[in-house]
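User: Could you take me through one part of this model up close, and show me how that part sits in the whole chain? I work at the bench, so please spell out the cut-offs as you go.

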Amino acid sequence: QVQLVESGGGLVQPGGSLRLSCAASGLAVNDYSIGWFRQVPGKDREGVSCISYEDESIHYADSVKGRFTLFRDNANNTVYLEMNSLKPEDTAVYYCSAERRPRTSPQFMCLWKLGKYWGQGTRVTVSS
């Protein structure tokens, strides 16, 4: 069976850092486009960062560009989201997804929130 499990969330003060993990089983992360998304109750889910399985290009939302870094560890079959300089507006539940539709750019994946498989999320709270 396919499973995506997010971890690494927690409470952090503004300006702090967290590293989120998306551990996959039943699929190889290097064979799928992987997306990180976040959602606040009452608001639509938004794309944060997505990576293409075809050319390894990475897209970042404007709101996190320069602060967040997505990287993949194929040996551990895990995709990470390194989050630095966290702001209160980064508070959300963060989800990862895996998608393998061809000719899907990471920009498109993030915009349309694509994912054949989704994890259950990990909560990030940025507060003093």
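Analyst: Happy to, starting with the whole chain. With 128 residues, a compact globule would have a radius of gyration near 14 Å, and the chain's 13 Å agrees with that; this radius is taken over C-alpha atoms, and the globule rule is 2.2 Å times the number of residues to the power 0.38. This is a predicted model, in which local features need pLDDT of at least 70 and side-chain atom pairs count only at pLDDT 80 or more, while totals for chains, interfaces and linings use all residues. Residues are numbered from 1 along each chain as its sequence is written, and side-chain values use heavy atoms, with hydrogens and water left out.

The chain holds one helix and 11 strands, in the order β-β-β-β-β-β-β-β-β-α-β-β. Both are DSSP runs numbered from the N terminus, helices being H or I with at least four residues and strands E with at least two.

Now for the close look, at S52. This serine is in the loop between β5 (46-51) and β6 (58-60). S52 is buried, with a relative accessible area of 3%; buried means under 20%, exposed over 50% and partly exposed in between, using a 1.4 Å probe and protein chains only. A polar atom of the S52 side chain lies 3.0 Å from the backbone nitrogen of E54. Leaving aside neighbours within four places in sequence, S52 is in contact (heavy atoms within 4.5 Å) with S33, S57, R72 and P106.

What surrounds this loop in the wider fold? The largest nonpolar core has 28 residues, of which W36, F68, L81, M83 and Y94 touch the most other members. Elements giving two or more residues to this core are β3 (18-25), β4 (33-39), β5, β7 (68-73), β8 (78-83), β9 (92-99) and β11 (122-126). A second, separate core has five residues, including F37, C50, C110 and L114. Such a core is a set of buried Ala, Val, Leu, Ile, Met, Phe, Trp, Tyr and Cys residues joined through side-chain atoms within 4.5 Å.

Strand β3 also has two partners to look at, where pairing requires at least two DSSP bridges. β3 pairs with β1 (residues 3-7) in the antiparallel sense over five bridges, with Q3 opposite S25. β3 and β8 are antiparallel too, over six bridges, and there L20 stands opposite L81.

Back at the scale of the chain, buried residues make up 45% of the 128.

Definitions and conventions
Polar contact = N/O pair within 3.5 Å; in protein donor to acceptor, adjacent residues only side chain to side chain.
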